[in-house]
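Here is a friendly walk through the reasoning behind some structural labels. Have the model open beside you as you read.

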Amino acid sequence: MYSSTLRSSFSSVSRSTLSAGLRTPAFRRFLSQEARAKIQAAVKESPVVLFMKGTPQLPQCGFSRAVVQVLDLHQVPPEKLKTYDVLEDQELRNGIKEFSDWPTIPQLYVNGEFVGGCDILLGMHQSGEFEELLMKHDVIPTIETSPGSS
């Protein structure tokens, strides 16, 4: 009895909510313009910017550790990498998720553009796309191949 009543009231609420155009997260924005501007400046501060849990020397989650390891594998120079520990700042931790419209951390930016989280980065690493992206933006040196090599 309760489940059918609950289901019908939920479906009428969800239909009216959806028809009102509230499917998009636009109605839930909490990031102030000041916080948005700070994050925007941060992602442009360095060629590679990583928002992570912990630090590269002491990652506080396996996903952050994996991203740091991929960056190390590609020999991203420390002077071209800026990291932010979201565990030290709750506003940043929540704000970066809204800024990128990506629900998880870590988050990686290259040349001011959002690349993705751990899964995206691992896929790009495995396919060779990440190395190409780093070379394209002069983060790592371009590998020259001789005309006869494949």
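Q: Where is Ser64 found, and why is Ser64 called buried?
A: Ser64 is found in helix H3, in a model that is predicted. Its relative accessibility is 0%, and buried means under 20%, so Ser64 counts as buried.

Q: Which residues is Ser64 in contact with, leaving aside its neighbours within four places in sequence?
A: With that exclusion, Ser64 is in contact with Met52, Lys53, Pro59 and Pro106.

Q: What makes H3 and H5 roughly parallel to each other?
A: The axes of H3 and H5 cross at roughly 30° and come within 9 Å. Angles under 35 degrees count as roughly parallel, and H3 and H5 are therefore given that label. Their crossing is left-handed.

Q: Which residues make the contact of H3 with H5, and how do they divide into nonpolar, polar and charged?
A: H3 brings Phe63, Ala66, Val67, Val70 and Leu73, while H5 brings Cys118, Leu121, Leu122 and His125. Eight of these contact residues are nonpolar, one is polar and none is charged.

Q: Why is H2 called roughly perpendicular to H4?
A: Helix H2 (residues 33-43) packs against helix H4 (residues 90-100) at an angle of about 80°, with the axes 10 Å apart. The window for roughly perpendicular is 65 to 115 degrees, so H2 is roughly perpendicular to H4. On the H2 side the contact involves Ala35, Arg36, Ile39, Gln40 and Val43; on the H4 side it involves Glu91, Leu92, Gly95, Ile96, Glu98 and Phe99. This contact of H2 with H4 has six nonpolar, two polar and three charged residues.

Q: Which residues touch the most other members of the largest nonpolar core, and what elements supply this core?
A: The core has 21 residues, and those touching the most other members are Val48, Leu50, Leu71, Leu108, Val110, Phe130 and Leu134. At least two residues each come from strand E1 (48-52), helix H3 (62-73), strand E3 (107-110), helix H5 (118-127) and helix H6 (129-136). With five residues, H3 gives the most to this core. Another core, of 14 residues, lies apart from it and includes Ala35, Val86, Phe99 and Tyr109.

Q: Which residues is Phe130 in contact with, leaving aside its neighbours within four places in sequence?
A: Phe130 is in contact with Val70, Leu71, His74, Leu108, Val110, Leu121, Met124 and His125.

Q: Which residues of H6 are buried, and what covers them?
A: Phe130, Leu133, Leu134 and Met135 are the buried residues of H6. Their cover includes E1, H3, E3, strand E4 (113-116) and H5. Just after H6, Asp138 has a positive phi of about 55°.

Q: How many helices and strands does the chain have, and in what order do the elements run?
A: There are six helices and four strands. From the N terminus on, the order is α-α-β-α-β-α-β-β-α-α.

Q: What percentage of the residues of the chain count as buried, and what percentage of contacts join residues at least 24 apart?
A: Of the chain's 150 residues, 33% count as buried. Among contacts between residues at least 6 apart in sequence, 62% join residues at least 24 apart.

Methods
Residues numbered from 1 in each chain as written. Predicted model: local features only at pLDDT ≥ 70, side-chain atom pairs only at ≥ 80, totals over all residues. Heavy atoms only, no water. Axes fitted to C-alpha atoms, helices over the stretch in contact; angles between N-to-C directions. Parallel < 35°, antiparallel > 145°, perpendicular 65-115°, else oblique. Contact = heavy atoms within 4.5 Å. Nonpolar A, V, L, I, M, F, W, Y, C, P; charged D, E, K, R; others polar. Core = buried A, V, L, I, M, F, W, Y, C linked by side-chain atoms within 4.5 Å. Buried < 20%, exposed > 50% of the residue type's maximum accessible area, 1.4 Å probe, protein only. Left-handed = near helix turned anticlockwise from the far one by under 90°.
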